[in-house]
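Q: Hi, I've just opened this one and I'm new to it. Could you walk me through it?

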Amino acid sequence: MGKRLSALFDPFLLALIATVTAASLLPARGIGATIAGWAADGAILLLFFLHGAKLSRQAIVAGAAKWKLHLVVLATSFLFYPLLGLGAEQVALRVAPAMAAGLLYLALLPSTVQSSIAFVSIAGGDVPAAIGAASLSSIVGIVATPLLAQLLMGAGGTSASQALGSILKIGGQLLLPFAAGHFARPWIGGYIDRHKALVGRVDRGSILFLVYTVFSAAVVEGLWHRTDLHDLVAALAIGLVMLAIVLAVTLWLPRAIGWVREDEIVWRFCGSKKSLVAGVPLAAAIFPAPQVGMLLLPLMLFHQAQLMVCSVLAKKYATRGARA
């Protein structure tokens with residue numbers, strides 16, 4: 001029973017909830033907030049350095065042959081989902097205005113990596129192709145998500161000079177450490193691979209610190225005075241509708257064009273998911289700190305919902321595959 005619950009409910013979400021609670025009760029203020037902001041910038045650099053160092057070139061090459069599959073996964077993540085996000089934003093403006101921007105933001109994010117690969121493996125899909133598709137989505141998201149946020153959300157300002165300044169800032173915070181980590185892999189990759197548990201704790205610890213920092217700023221700005229249970233329930237419901245639409249499209253389209261079952265599974269799981277791990281540092285780099293807490297609330301709800309739904313779907317695929 002415990003294993004089944006842990007498979008459906010991400011333990012990391014409990015740590016996130018505890019961190020949000022701590023930020024709500026004891027937010028960083030004054031000089032403490034300033035120091036936390038500097039440390040948060042360092043955490044973003046560390047996170048993307050580690051993401052680059054963990055990325056194996058062999059894993060990308062192993063799935064690179066299926067370039068059509070990778071393209072449709074990218075199109076689902078960065079074209080189809082943002083269109084759905086624009087519609088979700090309009091609905092939310094009518095029923096839960098505080099959640100509107102966060103719902104659009106989550107639609108602009110890359111796919112998850114670890115959970116997408118895990119679900120594809122459980123369902124009996126093409127695991128090397130899933131590794132390539134999820135990794136490529138993560139890399140493209142470093143550029144695509146900030147650009148989409150600039151285009152659709154006005155992040156970084158509306159003038160050309162403000163937009164350019166925002167892009168250069170994001171490049172320095174995200175792309176450079178990611179590239180540095182990846183190019184350093186020949187020297188540090190062995191250590192990274194041998195100490196995955198330690199690297200994972202550093203990774204998630206950095207994310208939790210970022211969450212504390214951005215929610216502290218949001219709480220000081222009156223986050224919980226602008227948000228209630230109705231807003232959270234509405235955000236969850238709208239997010240589930242988006243997920244259902246993507247899952248339906250990624251079931252019907254591959255079958256309509258005659259794709260094999262293994263590729264359908266990769267498209268469905270890698271194309272439908274959105275990454276909380278990438279979403280937190282990207283939001284902290286793109287938006288002012290007081291805005292980030294509100295933006296992340298729909299993503300945190302969506303994160304748990306997608307894990308539960310995809311867990312059930314993966315097990316159904318596995319059962320059907322065993323019968324076949």
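Q: Before we start, what does "buried" mean here?

A: Buried means under 20% relative accessible area, exposed means over 50%, and partly exposed is in between. Asp-203 has 7% relative accessibility, so Asp-203 counts as buried. One thing to keep in mind as we go is that this is a predicted model.

Q: Thanks! How much of the chain is buried?

A: The chain has 324 residues, and 50% of them count as buried.

Q: And how many helices and strands are there?

A: You'll find 15 helices and 0 strands in the chain. As for contacts with a separation of 6 or more, 87% are between residues 24 or more positions apart.

Q: Back to Asp-203. Which residue does it form a salt bridge with?

A: With Lys-54, and the closest N and O atoms are 3.0 Å apart. Lys-54 belongs to helix α3 (residues 30-54) and Asp-203 to helix α11, so to speak of distant parts of the chain is fair: they are 149 residues apart. Lys-54 counts as partly exposed because its relative accessibility is 32%.

Q: What lets side chains like that pair up in general?

A: Side chains of opposite charge can pair when their charged atoms come close.

Q: How many salt bridges does the structure hold?

A: There are 5 salt bridges. Lys-66 takes part in a network of them, linked with Asp-126 and Asp-263.

Q: Nice, tell me about that network. What is the N to O distance between Lys-66 and Asp-126?

A: That salt bridge has an N to O distance of 2.6 Å. Lys-66 sits in the loop between α4 (57-63) and α5 (67-95), while Asp-126 is in the loop between α7 (114-123) and α8 (127-153), and the two are 60 residues apart.

Q: And the other partner, Asp-263?

A: The side chains of Lys-66 and Asp-263 also meet in a salt bridge, at 2.7 Å from N to O. Asp-263 lies in helix α13 (residues 261-272) and Lys-66 in the loop between α4 and α5, so this pair ties together parts 197 residues apart in sequence.

Q: Which of those three are buried, and which are partly exposed?

A: Lys-66 is partly exposed, since its relative accessible area is 29%. Asp-126 is buried at 18%, and Asp-263 is buried at 13%.

Q: Let's switch to pockets. What volume does the largest pocket have?

A: About 1200 Å³. The largest pocket is lined by 44 residues, and the ones nearest its centre are Lys-54, Val-113, Gln-114, Ser-115 and Asp-203.

Q: Oh, so our salt bridge pair turns up again! Which helices supply the lining?

A: Yes, Lys-54 and Asp-203 are among the residues nearest the centre. Helices that each supply at least two lining residues include α1 (2-8), α3, α7, α8, α10 (185-194) and α11. By class, the lining divides into 23 nonpolar, 14 polar and 7 charged residues.

Q: What about the second largest pocket?

A: The second largest pocket holds about 340 Å³ of space. It is lined by 21 residues, with Ala-33, Gly-37, Thr-213, Ala-217 and Ala-289 closest to its centre. The elements giving two or more residues to this lining are α3, α9 (160-183), α11, α14 and α15.

Q: Which element gives the most to that lining?

A: α3 does, with 6 residues. The lining of the second largest pocket has 14 nonpolar, 4 polar and 3 charged residues.

Q: α11 keeps coming up. What span should it have, and what do the end atoms show?

A: Helix α11 covers residues 196-220, which makes 25 residues, and at 1.5 Å a residue it should span 36 Å. Its end C-alpha atoms are 36 Å apart, which agrees. α11 is followed by Gly-222, whose phi is positive, near 95 degrees.

Q: Could you pick one more residue to look at?

A: Try Thr-19, in helix α2 (residues 11-25). Thr-19 counts as buried because its relative accessibility is 12%. Setting aside neighbours within four places in sequence, Thr-19 is in contact with Leu-208, Val-211 and Tyr-212.

Q: And where is Lys-315?

A: Lys-315 is in helix α15. It is partly exposed, with a relative accessible area of 41%. The C-alpha atoms of Lys-315 and Phe-119 are separated by 8.5 Å, though the two residues are 196 residues apart along the chain.

Key. Residues numbered from 1 in each chain as written. Predicted model: local features only at pLDDT ≥ 70, side-chain atom pairs only at ≥ 80, totals over all residues. Heavy atoms only, no water. Helix = DSSP H or I, 4+ residues; strand = E, 2+ residues; numbered from the N terminus. Expected span 1.5 Å × (residues − 1). Salt bridge = Lys/Arg side-chain N within 4 Å of Asp/Glu carboxyl O. Buried < 20%, exposed > 50% of the residue type's maximum accessible area, 1.4 Å probe, protein only. 1 Å grid on protein atoms, 1.4 Å probe; cavity = no way out; pocket = protein on both sides within 12 Å on 5 of 7 lines; lining within 4 Å. Points joined across faces, edges and corners; volume = space filled by probe spheres on them. Nonpolar A, V, L, I, M, F, W, Y, C, P; charged D, E, K, R; others polar. Contact = heavy atoms within 4.5 Å.
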